[in-house]
Amino acid sequence: MIRVNTRKFHIATEEEIKNAQTSDVYFERTKEILEKEGLSDIHVTAEITTGSLPKNWEWGILAGIEEASHLLEGLNIRVRSFPEGTLFRPVDSSGVREPVMVIEGRYLDFCLYETPLLGLLCQASGIATMASRVRRAAGTKTVFSFGIRRAHPALAPMIDRACYIGGFDAVSSMIGAKLLGKSPTGTMPHSLIIAIGDQIRAWKSFDKYMPKEVPRIALVDTYYDEKTESIMAAQALGKSLYGVRLDTPSSRRGNFQEIIREVRWELDSRGFKDVKIFVSGGLDDESVRTLSEAGADGFGVGTSVSNAPVVDFALDIVEKEGKPVAKRGKLGGKKEVWRCDKCLLDYVLLEGEPSPSCSNCGNKTKPLLDKLLESGRPSGPLPAPDKIREQVIDQLRKLTA
């Protein structure tokens, strides 16, 4: 008889994840069959690749490597991986799939971990990729992660971390900010204004009770026109007002660009040129670019990042007992990935082949797969989120399209 789980929240514990209890059952059955057939010692090389990206994206940002390292640590395997935050493409310059991670060892030592490993990489990479696309659309303007309410709360730290390393400036969740060593960022909800019953009183109460380091950003679309409430907030708070936030529902937006332009004009004409305009609600990379051009100074982006489409990574054996093998549609043999840092062009070659020169600029290329684990032990310290974020933004600057 199967015992019913009585846990209060439908989440796996760290111990359950680490012990591969979130794996698909057919890997447990595979392990049992191989052991009974006397094939426990088969040594393989497996690689993680994807054949395409969601929405015809041309590039992705690899995330989830820190968690993957903790998942696989202690197993008697060797793991090489692109560093977390690496911009990758499904295939290299000649159409060969790029392995973002390579695992070597006895298959039975890691076969149960395929399911959780892919889960860690697929979802975090999707979120980080969408965050980077928003970051690129916003230019140097401020972007906040507002998406945790659209996902299971157990994922809040992962979502905010992936958004941050993808290029966002700040995150809203208290636990996500704690993970990053940052302070959480937010403005005020409509419920504050409705509970108090008056916009001006709510804005003044916020100004009165919140610490001075919290920016005074007034929500200006609760009852009246955004332009009207923006003027009210500016006149009520004066020089204390840092910005206004427009969270206008879609049924009331009309031409949102024109609303932003109107708000900007009215604030400027009354001497409030320093008051910034923040927008939120249903934003993605395309709308952020459009609203930035209209004059918005910052963006709270939620659902499009927290529910970003996952990257469809797969793990495949490409070498068994030192000999190339592969299922249909995949290329056998142990590989290396080489990159031109200037052009961000990649070249996938069999391991041992000499490094190629970039076909575009002639520069020397460098290997992308770094040692992550050696015999189950970390090869070195993992980079801090700030360092990963810097690397992501640097790569985004190099993109030409």
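This is a short tour of the model, stop by stop, with what to select at each one.

**Before you start**

You are looking at a predicted model, in which local features need pLDDT of at least 70 and side-chain atom pairs count only at pLDDT 80 or more, while totals for chains, interfaces and linings use all residues. Residues are numbered from 1 along each chain as its sequence is written, and side-chain values use heavy atoms, with hydrogens and water left out.

**Stop 1: the whole chain**

Show the chain as a cartoon. The C-alpha trace spans about 80 × 65 × 35 Å along its principal axes. The chain has 15 helices and 18 strands; these are DSSP runs, H or I of at least four residues for helices and E of at least two for strands, numbered from the N terminus. Of the 401 residues, 49% are buried (buried is under 20% relative accessible area, exposed over 50%, partly exposed in between, with a 1.4 Å probe and protein chains only). Among contacts with a separation of 6 or more, 69% are between residues 24 or more positions apart (contact means heavy atoms within 4.5 Å).

**Stop 2: helix H2**

Select residues 25-36. This is H2, with 12 residues, and from first C-alpha to last it reaches 17 Å, close to the 16 Å expected at 1.5 Å a residue (the expected span is 1.5 Å times one less than the number of residues). Now show side chains: which residues of H2 are buried? They are Phe-27, Lys-31 and Leu-34. These buried residues cover an arc of only 70° around the axis, which puts them on the same side of H2 (the arc is that of the directions from the helix axis to the C-beta atoms). Add helix H4 (107-110) and helix H5 (114-138) to see what the buried residues of H2 pack against. Then turn to the other side of H2, where Arg-29, Ile-33 and Lys-36 are exposed. Step just past the end of H2 and you reach Gly-38, with a positive phi of about 75°.

**Stop 3: H3 against H5**

Keep H5 on screen and add helix H3, residues 65-72. Two packed helices are described by the angle between their axes and the distance between the axes. H3 and H5 pack at about 165°, with axes 8 Å apart (axes are lines fitted to C-alpha atoms, for helices over the stretch in contact, and angles run from 0 to 180 degrees between N-to-C directions). The two helices are therefore roughly antiparallel (over 145 degrees; under 35 is roughly parallel, 65 to 115 roughly perpendicular and the rest oblique). For the contact itself, show Ile-65, Glu-67, Ala-68, Leu-71 and Leu-72 of H3, which meet Pro-116, Leu-117, Leu-120 and Leu-121 of H5.

**Stop 4: H10 and H12**

Move on to helix H10 (residues 226-237) and helix H12 (residues 256-269), whose axes come within 9 Å and cross at roughly 30°. That makes H10 roughly parallel to H12. Glu-226, Lys-227, Ser-230, Ile-231 and Ala-234 make the contact from H10, and Ile-259, Glu-262, Val-263, Glu-266 and Leu-267 from H12.

**Stop 5: two loop residues**

Finish with a pair of loops. Lys-55 sits between strand S1 (43-49) and strand S2 (60-61). This residue is not a glycine, yet has a positive phi of about 55°. Next, go to Leu-344, in the loop between strand S14 (335-339) and strand S15 (346-350); its phi is also positive, near 60°. Is each side buried or exposed? Lys-55 is exposed, at 61% relative accessible area, whereas Leu-344 is buried, at 3%.
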